[in-house]
Amino acid sequence: MAAQLDGVFEAELQKKITESKVLVVGAGGIGCEILKNLVLTGFTDIEIIDLDTIDVSNLNRQFLFHKEHVGKSKANVARESALAFNPNAKIKAYHDSITTNNYGVNFFQQFSIVLNALDNRAARSHVNRLCLTADVPLIESGTAGYNGQVELIKRGLTSCYECVPQPAQKSYPGCTIRNTPSEPIHCIVWAKHLFNQLFGESNEDEDVSPDTADPEAGADVGSAALEKEANEKGNVDRVNTRTWAKQCEYDPEKIFNKLFFDDINYLLSMSNLWKNRTPPKPAKWDAVQEGDGEDGTIVEDSVTRDQKVLSMAQTAKVFGESIKALKEAVGKLPEGDHLVWDKDDKDGMDFVAACANIRAQIFGIPRKSRFEIKSMAGNIIPAIATTNAITAGIVVMRAFRVLQQEYEACKTVYVRLRVNGRNQFIVPETLIIPPKPKCYVCAAKPEVVLKVDTKKLTVREFRDDILIKALNMVSPDVLLDGTGTIVISSEEDEKDCNNDKTLEELKIVNGCILKADDFLQNYELSITVLHKEAGREEAPFEIVADPDSLKPKEEEEKKEEVKPAAAPVDDAQPSTSKGLNGSSSNGKQTTTVNEVEDDDDDMCIIEDDEDEKPSTSKAAADAVTTPGKSVEKRKHAPEDDEPANKKAKVSSSHPMDDDDDDLVILD
């Protein structure tokens, strides 16, 4: 191992590598590469955690896993494979979720550094908060296709993961696509995968059959299915979808019944999936043809048809006609060749639109017009093994800097598909972005304003939709400030009687302040409630992370007139924090942040700006430059303990050039 060889690293770094203790969160595409790099570098005390199990679709990019590992724990198998590189390394694996109460602040405090390789926003936010509280450096990473990103999160020094609301993600985990779709886009992704399985370039990563390795379905489901399908040698023989379709001569009725009746019934047998979800309703070819009383006649005018949501009978007819046309097109190709899906190809687009809408109907998801589906279908990003490897390499190199406490050198790094104007495809930021003064997570006194209809919102909706989904809490307790009334308790059944009551019924009205506390995250948040009746087209609630933005304009102008010339840095900088419901703090409409159950196991979506506009990933307008740096006191301090201008900020002494083209914009 490199650290065991004198001369490879400086003596001080060599010592830190061998003595440090590292936590890797996630054992997917990036996590496997990080673990391999750590072991080969010479790190000997490593712990890795992941809840997921190995699926066949993982094998093309997660190289610590092999065919015989399908159905087993990712964390455990990653540990076994990594030990083959260095049997002397001490690696501990957890087949568990990082959000459980087994992994609190005390757990995180034992590590020198934490390396995130996660697949969803809720878990990223959870680890972000625990690392801030434990004061442990966190290196966050993610990839999207050929783009990658690595950034350091250090309390008081850099902005945290939640300083700027994250945009909705555009990639989705395989188990969501195959087992539990909840949005139209999930059905569209599934339909595109089905096109490739039947007519395009087949990819094991795009399997459309029920995922028996889904951790939510229970470990026994995957194991039982694998044992049932295993041959006498113990291997699983998988029937190729296209081979099966050819055997039944691409008969639309047989394909329909297999996909939308047999497979759905198989999903229903995974009872754990439907404990807290509405179960799907299987559909049969004959019943769909006759069920809605329509004859299935389709308007010939393509423009009119594209704008209309077709009936199920009409959709089934399009399904059958498109399969026949695509079968004929495949038959004209040379042996071994395949079709390539194109949204502008009529038959391919008809097939995807029909399959997506049939699946949406089965899962109780709103159906869409062909035009809407076409506009959504072209933005699905695959996982690329090379990008994962490059990103993981940068993560470990950044870890070297962190161990040496060279934080100023740990600027955010982007991996690009194309080189920029300076001939770079690995592009660093020009400065470290400091913490946002009004961040509702890492500020000294976290607070938000909640605009909501207190007469309609129930306590259950407040807990599930706002505290857990929007604010990423795990186990919240809520008190009504001033009275000490317990509104929500993390103790089971303690305050369930409040669930169906509205906020108003519990005396939570305009101007009330709620104190939310998540003991798992050691996180407290003050929530000021403002009553607002939402219009028909408006979001049911709005979260504003900067309460100052709500002050009357006249008051702000008055403050501006009397403001001294040498005001403290934090007070002088206007806030540009965004509301979590898609409204900015100044009331202007901005990017909507939706809760999406994420993506493939190594995806952090990065919007690649084709024009390479100068900006920073953490909103450069919020970056305030001050000489030197300091470490800020953690949140929850009394108001008098720390002045607002004590925020730590690290900056470059050189102003940003107007023609800077090094930076990718995170949308």
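Q: Where is the place of Gly156?
A: This is a predicted model, in which local features need pLDDT of at least 70 and side-chain atom pairs count only at pLDDT 80 or more, while totals for chains, interfaces and linings use all residues. Residues are numbered from 1 along each chain as its sequence is written, and side-chain values use heavy atoms, with hydrogens and water left out. Helices (H or I, at least four residues) and strands (E, at least two) are DSSP runs, numbered from the N terminus. On that basis, Gly156 is in the loop between E6 and helix H6 (174–178).

Q: Is Gly156 buried or exposed?
A: Buried means under 20% relative accessible area and exposed means over 50%, with partly exposed in between (1.4 Å probe, protein chains only). Gly156 has a relative accessible area of 3%, so the call is buried.

Q: How many Å separate the C-alpha atoms of Gly156 and Leu132?
A: Along the chain, Gly156 and Leu132 are 24 residues apart. In space, their C-alpha atoms are separated by 8.7 Å.

Q: In what order do the eight strands of the open sheet stand?
A: Two strands pair if DSSP finds at least two bridges between them. In this sheet the pairing is mixed, and the order is E3-E2-E1-E4-E5-E6-E7-E8.

Q: Which strands stand at the edges, with one side of each left without a neighbour in the sheet?
A: An edge strand here has a single partner strand, so one of its sides is left without a neighbour in the sheet. That describes strand E3 (90–94) and strand E8 (426–428).

Q: In what sense do strand E4 and strand E5 pair?
A: As background, strands of a sheet pair through backbone hydrogen bonds, either parallel or antiparallel. Strand E4 covers residues 113–116 and strand E5 covers residues 138–144. Leu115 stands opposite Ile139 in E5. The two strands share two bridges, and the sense is parallel.

Q: At about what angle to E5 does helix H16 run?
A: Axes are lines fitted to C-alpha atoms, for helices over the stretch in contact, and angles run from 0 to 180 degrees between N-to-C directions. Helix H5 (residues 121–134) lies across strand E1 (22–25), E4, E5 and strand E6 (147–153), running at about 160 degrees to E5. Helix H16 (residues 385–403) lies across E4, E5, E6, strand E7 (413–415) and E8, and its angle to E5 is about 165 degrees.

Q: Where does UniProt place the feature "binding site"?
A: UniProt positions are given in the numbering used here, feature names are shortened, and annotations may be inferred rather than shown by experiment. The record is an unreviewed entry, and it puts the feature at Cys160, Cys163, Cys439 and Cys442.

Q: Why do these residues gather at one spot?
A: The cysteines of the UniProt feature, Cys160, Cys163, Cys439 and Cys442, span 283 residues in sequence. They still gather at one spot because no two of their C-alpha atoms are more than 8.5 Å apart.

Q: Leaving aside its neighbours within four places in sequence, which residues is Cys439 in contact with?
A: Cys439 is found in the loop between E8 and strand E9 (447–452), as is Cys442. Cys439 is buried at 2% relative accessible area, and Cys442 is buried at 4%. Contact means heavy atoms within 4.5 Å. Sequence neighbours aside, the contacts of Cys439 are Cys160, Glu162, Cys163 and Pro446.

Q: Which side chain makes a polar contact with the side chain of Ser97?
A: Ser97 is found in the loop between E3 and helix H4 (105–109), and its relative accessible area of 18% counts as buried. A polar contact is a pair of N or O atoms within 3.5 Å; within protein, one must be able to donate a hydrogen and the other to accept it, and residues adjacent in sequence count only if both atoms are side-chain atoms. At 2.8 Å, the partner of the Ser97 side chain is Thr99.

Q: Which backbone oxygen does the side chain of Ser322 reach?
A: Ser322 is in helix H13 (residues 312–331) and is buried, with a relative accessible area of 2%. Not counting neighbours within four places in sequence, Ser322 is in contact with Asp347, Asp350 and Phe351. Its side chain reaches, at 2.9 Å, the backbone oxygen of Phe319.

Q: Is Lys507 buried or exposed?
A: Lys507 is found in the loop between strand E11 (485–488) and strand E12 (513–518). Its phi is positive, about 65 degrees, although it is not a glycine. With a relative accessible area of 63%, Lys507 is exposed.
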